[in-house]
Amino acid sequence: MALITHSGGSQVYNPLESMMSRFNEAVRILGLDEQFASVLKAPDKCVIVNIPVTMDDGNIQVFEGYRVVHSVHLGPSKGGIRYSMDVNLDEVKALAAWMTWKCAVVNIPYGGAKGGIKCDPRSMSKGELERLTRGYTLAMKHVFGPDRDIPAPDMGTGPQEMAWILDEYSKIHGSNSWGVVTGKPLVLGGSLGRVEATGRGVMITARSAMAKLGMKPTDCTCVVQGFGNVGSISAKLLAQLGVKVVGISDISGGYYNPEGIDVLAAIEYVQQSPNRTLEGFTGGEVVHNGEFLLLPCDILVPAAMEDQITPLNADKIKAKLIVEGANGPTTAEADAILNSKGIMVVPDILANAGGVTVSYFEWVQNRLGYYWTEERVHRRSDRVMKQAFDHVYAASEKYKVDLRIASYIVALDKVASTLKLRGSF
Ligand code: NAD
């Protein structure tokens, strides 16, 4: 396994290699022709652009932007845009391929893509971010499109960036194009239920997994890493199911309380805090981030970032069930260790697919010009997530593999059969 170095200087695993090793395993089990599989290994296209931006001090700074379209076999490609200094081509390629498999697992008619700009959004003013986002949209004007490639938010971006993309793209093309991007503010064609969607999918798949393992939610404890959109909402909804949330964490550190953490109070605390973190939270004892994933609990929800569960800590994890809210939190080598310990892992491409599912609903509503109630969005996304879990679980029994490889099998089988029917190579 090759290591790459991120801007912070820490060594991390290469997410593209992590993705490829699972892909290759699914290819082998499905008996897919290697030459045929090679079509799905490489992305359809990788676009790299330089975006000149006039900064507030009058200087021009050039930013590197990426968009990788991995596949359009099932429909227009779909995937978020990440603003971070750690953005690099291998990471964007891996995230784009994950989007292909994720959309196929939940059976929505999209291919996969991902984008990113190497920048530090926290050090930029709103005006600089707007000029950067508009410059990126202009550079990608032939890539994006409601029937071609549909971006969404990811780390470092949110509804405001999506509103700028919508506006810039609509100006370039001469008419409002609501469906070109999802994760928009509600007043600009966003969907009710989108903010909660990913955490809600985590809760639904966790509930299905608990049922398979004979775990009663009210007898279970849970630890959630990351307290942003996915982590905080997963924690809130798991607590609503009756699970006792004993640990939460974010960039500021971990907080542990065996008696249970008041999740709503923690959410309120972060909303009020000047740096929007848990720093100074007194609802639990402080735990170092390195120790956090090893806390005693029944369910562990990594919902922060990639490469958190590795061969260095996997054998010390105490949870019986891991539900991956983040993309790529477990390295491929750690999978084997977790399997040998009998820990069930609901993998990222299944567990966090609630977000893209409701993004799809947003796009459908934009195209219909007819907007659903929140209750309808929740009901439909819950059904999609539950069916996807059941489908993957059945594949894991049929092929006698873990849920991660089963998810890749389900996804690959679907994309490959579409590719075969379409032909043309
Ligand atoms: P976010 O920016 O809202 O939250 C990230 C959280 O992780 C923050 O609380 C941050 O403080 C914390 N964090 C960062 N580094 C940490 C560290 N070293 N240790 C502990 N906590 C740390 O992001 P998000 O939207 O919640 O996304 C989290 C993960 O979920 C990412 O991997 C993202 O790709 C994935 N994801 C998000 C969505 C979505 O709809 N938002 C959908 C699918 C997957």
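What share of the contacts in the protein with a separation of 6 or more comes from residues 24 or more positions apart? In this predicted model, such residues account for 68% of those contacts.

## Overall architecture

The protein holds 14 helices and 14 strands. Its C-alpha atoms occupy a box of roughly 55 × 55 × 45 Å along the principal axes, and 59% of the 425 residues count as buried. The radius of gyration is 21 Å, which agrees with the value near 22 Å that a compact globule of 425 residues would have.

## Nonpolar cores

The largest nonpolar core has 89 residues, and the members of it that touch the most other members are Trp101 and Ile299. Helix α14, residues 403-422, supplies the largest share of this core, namely eleven residues. At least three residues of the core come from domain 1 (43-178), and at least three from domain 2 (197-351).

Tryptophan 101 illustrates how this core is joined: when residues up to four places away in sequence are not counted, its contacts are Met19, Phe23, Leu40, His70, Ile349, Tyr408, Ala411, Leu412 and Val415. A second core, separate from the one just described, has 26 residues, including Val47, Met55, Ile165 and Tyr169.

## Aromatic pairs and the cluster around helix α12

The count of aromatic pairs comes to ten. In one of them, the ring centres of tyrosine 360 and tryptophan 363 lie 6.1 Å apart with 35 degrees between the planes, so this pair is tilted; an angle under 30 degrees would be needed for a pair to count as stacked. Both residues belong to helix α12 (residues 354-368), where they are three residues apart, about one turn of the helix, and both are buried.

A stacked pair is formed by phenylalanine 389 and tyrosine 393, with 5.9 Å from centre to centre and 20 degrees between the planes. These two residues are four residues apart in helix α13 (residues 374-399), and they are therefore separated by about one helical turn. Phenylalanine 389 and tyrosine 393 are both buried.

Tyr360 and Trp363 also take part in one aromatic cluster, together with Tyr110, Phe361 and Trp372. Of these cluster members, tryptophan 372 is placed in the loop between α12 and α13, and it counts as buried because its relative accessibility is 9%. Apart from residues up to four places away in sequence, tryptophan 372 touches Leu192, Phe361, Val364, Gln365, Val377 and Arg380. Its C-alpha atom is separated by 30 Å from that of proline 217, a residue 155 positions away along the chain.

## Charges over aromatic rings

Tyrosine 393, already described as a partner of phenylalanine 389 in a stacked pair, also has lysine 212 over its face, at 4.5 Å from the ring centre. Elsewhere in the chain, the charged end of lysine 420 sits over the ring of phenylalanine 36, at a distance of 5.3 Å from its centre.

## A buried serine in strand β5

Is serine 77 buried or exposed? With a relative accessible area of 1%, serine 77 is buried, and its place is in strand β5, which spans residues 77-84. When neighbours within four places in sequence are left aside, serine 77 is in contact with Val69, Ser71 and Val72, with Gly111, Gly112 and Ala113, and with Arg148, Asp149 and Ile150.

## Positive phi angles in two loops

Which phi value does asparagine 107 have? Its phi is near 65 degrees, a positive value in a residue other than glycine. Asparagine 107 lies in the loop between α3 (89-105) and β6 (111-118), and it counts as exposed because its relative accessibility is 53%, with the cut-off for exposure set at over 50%.

Lysine 400 likewise has a positive phi, of about 55 degrees, although this residue is not a glycine. The loop that holds lysine 400 runs between α13 and α14, and at 73% relative accessibility lysine 400 counts as exposed.

Definitions and conventions. Residues numbered from 1 in each chain as written. Predicted model: local features only at pLDDT ≥ 70, side-chain atom pairs only at ≥ 80, totals over all residues. Heavy atoms only, no water. Phe/Tyr/Trp six-rings, centres within 6.5 Å; stacked < 30°, edge-to-face > 60°. Buried < 20%, exposed > 50% of the residue type's maximum accessible area, 1.4 Å probe, protein only. Lys NZ or Arg CZ within 6 Å of the ring centre and 35° of its normal. Core = buried A, V, L, I, M, F, W, Y, C linked by side-chain atoms within 4.5 Å. Domains from an automatic or database assignment. Contact = heavy atoms within 4.5 Å. Rg over C-alpha atoms; globule rule 2.2 N^0.38 Å.
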